[in-house]
Structure formats: structure tokens, C-alpha cells
Amino acid sequence: MTANLPQPLANYFAAKNRHDIDAMLAPFASDATVKDEGKTHRGLAAIRGWMEETTRKYRVTVEVADATVHGDAWRIAGIVSGNFPGSPATLHYAFTLAGDRITRLEIGA
């Protein structure tokens, strides 16, 4: 299903599955925010730190199972596998896009 995603999201998930931090970060706007595990990360340096920590800790891959869009807001249901209790699990990714950049990502159950 990733073929139906806009390029920034397709690139993000492809890079996430390769555990390629630089490529994961590339589609994010310089002032983007990410909310995950109850914490908010603002700006590229903070988002990189989050990516490095979670990639090292969980080593996840994501299979996109469903995607819906309302304007610039995308909601992705992903089957996430990795080093965490309950793997695999379905998580929801809420993205906001501005042109070809991700400006917000919130990850939750």
C-alpha cells in the first residue's frame, strides 16, 4: 500500500524499514514536531535524537496496512514489528504535511 502514499511518507517508511536515520529525517520540515511515547520532540536535532534512540532500542519495521487522508492530514495504520513486548502490534501514525515536508507526526495505539 505504500505506493499510494505521498512521496514524503513513502520515503519515511522505506527509510524506517532500512533503519536509515538520515533518510528518515530527510522529509521533515526544519520546525517539525514528533509526539511519541508521551514526549514531544521539536526541530530536526530533537527528532534525530528520537529516531536514533527508538531505532536502536526497538529496531522496528512497519507494514502500512491502511491510509486515510483529510486535506494535509494523513492517518496511517501500520503493523509494527520489532524488539518490544507485544510485537507485532498495530500503531497509528498521524502525519501533517506542508507541500513535500512532514510538519507533524504523532504515533499512538
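**Exercise 1. Place F95 in the fold, starting from its burial.**

F95 is buried, at a relative accessible area of 1% (buried means under 20%, with a 1.4 Å probe and protein chains only). Before going on, note that this is a predicted model, where local features need pLDDT of at least 70, side-chain atom pairs count only at pLDDT 80 or more, and totals for chains, interfaces and linings use all residues. Residues are numbered from 1 along each chain as its sequence is written, and side-chain values use heavy atoms, leaving out hydrogens and water.

Next, look at the largest nonpolar core (buried Ala, Val, Leu, Ile, Met, Phe, Trp, Tyr and Cys residues joined through side-chain atoms within 4.5 Å). Of its 29 residues, Y12 and F95 touch the most other members. Helix α1 gives the most to this core, with five residues.

**Exercise 2. Describe the ring pair of F13 and F95.**

Start with the search: the whole structure holds seven aromatic pairs (Phe, Tyr or six-membered Trp rings with centres within 6.5 Å; planes under 30 degrees apart are stacked, over 60 edge-to-face, the rest tilted). F13 and F95 are edge-to-face, at 5.8 Å centre to centre and 80° between the planes. Since F13 lies in helix α1 and F95 in strand β5, the pair ties together parts 82 residues apart in sequence (helices are DSSP runs of H or I, at least four residues; strands of E, at least two; both numbered from the N terminus).

Finally, widen the view: ring pairs link Y12, F13, F28, Y93 and F95 into a cluster.

How values were computed: Buried means under 20% relative accessible area, exposed over 50%, partly exposed in between (1.4 Å probe, protein chains only).
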